[in-house]
Each structure stands twice: as structure tokens, then as C-alpha cells.
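Hi there,

Here is the structure I promised to pass on, with my notes below it. Have a look at the model first, then read on whenever you have a moment.

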Amino acid sequence: MESPPRARTNDDDAPPTDCLAELPPELHLRILEGVDDFSDCAAFSLASPRLGLLALRSGLARFKDPLFAVAMRLLLIERLLAGAFVGAPIMDTLNEATLRAYAADRRATADHFPWLARVSPALCLSATVEGADEQRAETWALRRGEERGADLRFLKSGLVRHFEGERGAERMVRMEFASGEVAFYEGERGAERIVRGEMPDGNVQYYEGEQGAERLVRMESANGNVLYYEGEGGAERMVRVEFANGSMQYYEGERGAERVVRTELPDGTMEHYEGERDAERSVRAELPDGNVQYFEGDKRAERLVRMEFANGNVQHYEGERGAARMVRTELPDGNVQHYEGEKGAERKVRVVLADGSMQYYEGERGAERKVRAVSADGDVEHFEGERGAERVVRILDFFEEFWGASG
């Protein structure tokens with residue numbers, strides 16, 4: 001015997017409220033593709049938020065269009081008004097701000113103006129076309145019933161101008177070029193000045209100055225670098241670049257001939273340059289610890305020739321870039337140390353003391369031992385023994401050393 005139907009005991013047993021929930025996603029999309037009215041798209045999305053989200057994620061044209069958001073707003077407000085003011089007349093729910101926002105959207109098209117006029121006949125958008133082919137010009141404006149309102153957008157030959165303000169006082173706020181560039185403006189009608197330009201490659205340029213005298217003052221690159229400019233409009237010259245890694249470069253010279261004169265690194269190092277544009281060579285580097293390096297040679301072939309230390313020591317170098325070897329160190333007390341050997345293996349061979357005496361050394365780097373000392377008077381001491389344990393083994397005066405050396 002068949003059991004009778006089980007009675008529902010709680011809300012979990014209730015049938016689903018979304019009658020489309022059991023259909024596969026592929027069929028959902030086929031249904032949504034057939035919805036071509038924005039009001040119906042909004043109604044579908046409110047009735048089944050899951051379907052609305054599916055349509056958005058799938059990129060269906062009607063659901064990605066900016067008018068879909070307008071339709072959603074209309075439907076939501078109408079439902080709120082209908083619920084809150086039962087029996088009260090439904091006021092126009094499409095306001096001027098919404099229409100201006102739609103007209104300013106790059107995706108907007110006059111093809112949808114009839115839908116706007118149908119859902120909001122008292123306040124909508126109109127399009128006026130003049131000329132044909134290359135001379136074709138299209139103007140979008142607000143429309144209040146049969147009365148034309150303020151101009152919002154002007155299109156001609158790939159150029160699009162956007163306006164704000166009341167009728168008769170419209171001012172241009174944005175201009176879009178066929179190349180993808182976008183220019184932004186500020187100022188009253190007839191005195192609009194460019195303040196920003198957005199390039200297709202992601203760079204953004206900033207301007208200052210009155211109309212007709214705007215000058216470029218800054219450019220933010222897509223890679224994070226920021227370039228700063230000085231000079232009148234049309235003669236702006238780059239004076240500084242702030243890199244994304246924290247480094248800064250400073251420039252001098254007229255427009256088109258700017259040359260690097262200094263680089264400041266994040267660790268505090270400052271590098272100084274000389275030479276014309278594209279041939280700038282490093283001549284000096286000031287290190288954070290107070291040491292200063294000096295360079296000679298053409299660009300990318302600079303070689304270290306001298307290093308001045310904060311403690312007063314001065315080291316001199318010889319050799320090509322990357323192989324410069326230390327040949328001499330001048331100490332604050334007047335002593336001078338001389339070295340021989342390749343880079344990284346320089347060994348001390350002689351020290352000339354401030355009083356005129358000299359010391360001679362032999363041995364590898366780090367193990368140099370004193371082998372001879374010559375006083376200012378010419379007397380000579382000979383040493384033997386390891387470094388730090390040298391001992392005098394012979395002392396000769398100048399004449400003895402001279403005659404001994406001469407045979």
C-alpha cells in the first residue's frame with residue numbers, strides 16, 4: 001500500500017521560490033540571451049539574483065551595458081515607493097544626475113535613447129545629427145518633455161566632447177580622441193583649461209595654467225615612475241624623475257636636450273654626471289658614509305680614479321672600468337702608501353713618510369712585511385721576519401749603502 005504524502009513540518013520542506021533553479025546553467029544563458037529589454041533584465045535579476053550574477057559573469061551585452069544599472073535603479077526605487085506610499089502617485093524616478101552619468105559613460109549609445117524616453121518621458125536624452133559622412137556631427141542633450149535642455153556630448157570625426165552645466169552655460173569637462181587619449185578640463189565656459197591627459201599606454205599628464213597657456217608639470221607613467229617639468233607651455237623641460245624603486249634623477253638643459261646631472265639612490269648615495277644628453281658620464285659618487293668616489297672616462301666606460309674617505313684618507317686607482325686597482329693611498333698625517341698588483345690583490349710595496357723617510361715591503365696582500373727602511377738622511381735598515389715580527393738585521397749609513405749597491 002502506497003504511503004500518503006508526508007506533511008510539511010517546516011520551511012525547509014517548502015518548494016523552491018526560484019522556479020528556474022533546477023535548470024542547467026547552459027539553459028539559463030539561452031533564456032537570458034533572449035532578454036533584450038533593460039527593464040526585463042532588471043526584473044529577471046531581482047527575481048533571481050543568481051541569474052543576474054550569471055549573466056554579468058558571462059558578459060551578456062545587455063547586462064554589461066550601463067543602462068542595466070539604470071534599469072535596476074528604476075525598478076528598485078519604484079518598488080520602494082510603491083511599498084512606502086501606497087496609493088500615492090509614482091513620481092519620475094530617473095533624475096538628471098543619472099542621465100548625465102549615462103551620457104558621460106564611454107559605453108553609452110544613442111541607440112538606447114528610445115528606451116529612456118519610454119521609461120522616463122518627462123526627462124530623457126535626445127540626439128541631434130547634422131551633416132553627413134566626414135562632416136557628420138551628433139549632439140546629445142537633456143530633454144524635458146518636448147523642451148531641449150543642456151548639451152551633454154558632442155561627437156564628430158572620432159572626437160568626443162563632454163559637457164557639464166546648465167543650458168547656455170555648458171562647459172567642456174572632457175575630450176576623447178580617436179587615438180584613445182582623453183583630456184580633462186576645468187574652468188567656466190569659454191575659459192576651459194586642460195588639467196589632465198590620460199594616454200592609451202597608461203601614462204597620465206598633469207597641467208597648470210590658464211587657457212591657452214597650459215603647461216605640463218607632471219607625468220605619472222604606467223610603470224610607476226613620475227616625471228616633473230618646468231617651463232612655459234610648449235617649452236616644458238624635464239627637471240626630475242622619481243622612479244618606482246625610490247631613486248630620483250635630476251636634469252638640466254632646454255626641452256629636448258635635458259641631461260642627467262644627479263641621481264639620488266634610496267640608500268642615500270648621490271651620483272653626479274657631466275656631458276650632453278645621451279652622453280652623460282658619472283664623475284662623482286657621494287656615499288652615505290661620507291666617502292666620495294671620482295670617475296673618469298666616457299659613458300658606460302667610467303673608471304674609478306680616486307676615493308676620498310670621511311677620515312681624510314685618499315686612495316688613487318688605475319685601470320679600466322671594473323678592473324681599477326688601488327696604486328696609492330694618501331693619509332691625513334702626510335704619509336703615502338704605494339701598492340702593486342691586480343684589483344683585489346693589491347699589496348703594499350712602499351710607504352713614503354711625511355719626514356721624507358721610506359719603508360719597503362714584500363709579500364702578498366695582507367701579509368706584507370717590512371724589509372727595508374731608508375731615513376731622510378739616507379741611512380738604511382734591513383729587516384727580516386714575518387709581518388708584525390720584523391727585526392733589524394743590518395744597518396748601513398748612506399755611504400755604505402751607496403758603495404755596497406754600486407759594487
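Let me begin with a loop residue: Asp 298 is exposed, with a relative accessible area of 60%. You will find Asp 298 in the loop between strand E16 (292–296) and strand E17 (303–308). Its C-alpha atom lies 9.7 Å from that of Val 283, and the two residues are 15 apart along the chain. Please keep in mind that this is a predicted model.

The loop between E16 and E17 also holds Arg 300. Although Arg 300 is not a glycine, its phi is positive, at about 70°. Arg 300 counts as exposed too, because its relative accessibility is 65% and the cut-off for exposed is over 50%.

Asp 278 is another non-glycine residue with a positive phi, in this case near 70°. The place to look for Asp 278 is the loop between strand E14 (270–274) and strand E15 (281–286). With 60% relative accessibility, Asp 278 is classed as exposed.

Now for the chain as a whole. There are 407 residues in the chain, and buried ones make up 35% of them. The secondary structure amounts to 8 helices and 25 strands. The accessible surface of the chain is about 24400 Å², with 49% of that belonging to carbon and sulfur atoms. If you look at contacts in the chain with a separation of 6 or more, 14% of them are accounted for by residues 24 or more positions apart.

Next, a helix that I went through in some detail. Which residues of helix H3 (residues 49–58) are buried? They are Leu 51, Gly 52 and Ala 55. These residues lie on the same side of H3, because the arc they cover around the axis is only 100°. As general background, an α-helix has 3.6 residues a turn, so residues three or four places apart point the same way. On the other side of H3 you will see Pro 49 and Arg 57, both exposed.

Leu 54 belongs to H3 as well. Its relative accessibility is 23%, so Leu 54 counts as partly exposed. Between the C-alpha atoms of Leu 54 and Leu 32, which are 22 residues apart along the chain, the separation is 9.3 Å. Just after H3 comes Gly 59, which takes a positive phi of about 75°.

H3 also meets a neighbouring helix. The axes of helix H2 (residues 38–47) and H3 cross at roughly 125° and come within 5 Å. That angle makes H2 oblique to H3. On the H2 side, the contact is made by Phe 44, Ser 45, Leu 46 and Ala 47, while H3 brings in Pro 49, Leu 51 and Gly 52. By type, the residues of this contact of H2 with H3 divide into 5 nonpolar and 2 polar, with no charged ones. Leu 51 and Gly 52 are thus listed both in this contact and among the buried residues of H3.

One last residue to look at is His 112. Is His 112 buried or exposed? His 112 is buried, because its relative accessible area is 13% and buried means under 20%. His 112 is found in the loop between helix H6 (96–104) and helix H7 (113–119). Leaving aside neighbours within four places in sequence, its contacts are with Phe 38, Arg 62, Asp 65, Leu 67 and Tyr 102.

Happy browsing, and best wishes!

How values were computed: Residues numbered from 1 in each chain as written. Predicted model: local features only at pLDDT ≥ 70, side-chain atom pairs only at ≥ 80, totals over all residues. Heavy atoms only, no water. Buried < 20%, exposed > 50% of the residue type's maximum accessible area, 1.4 Å probe, protein only. Helix = DSSP H or I, 4+ residues; strand = E, 2+ residues; numbered from the N terminus. Arc of directions from axis to C-beta. Axes fitted to C-alpha atoms, helices over the stretch in contact; angles between N-to-C directions. Parallel < 35°, antiparallel > 145°, perpendicular 65-115°, else oblique. Contact = heavy atoms within 4.5 Å. Nonpolar A, V, L, I, M, F, W, Y, C, P; charged D, E, K, R; others polar. Areas by Shrake-Rupley, 256 points an atom, 1.4 Å probe, with all protein chains shown as cover.
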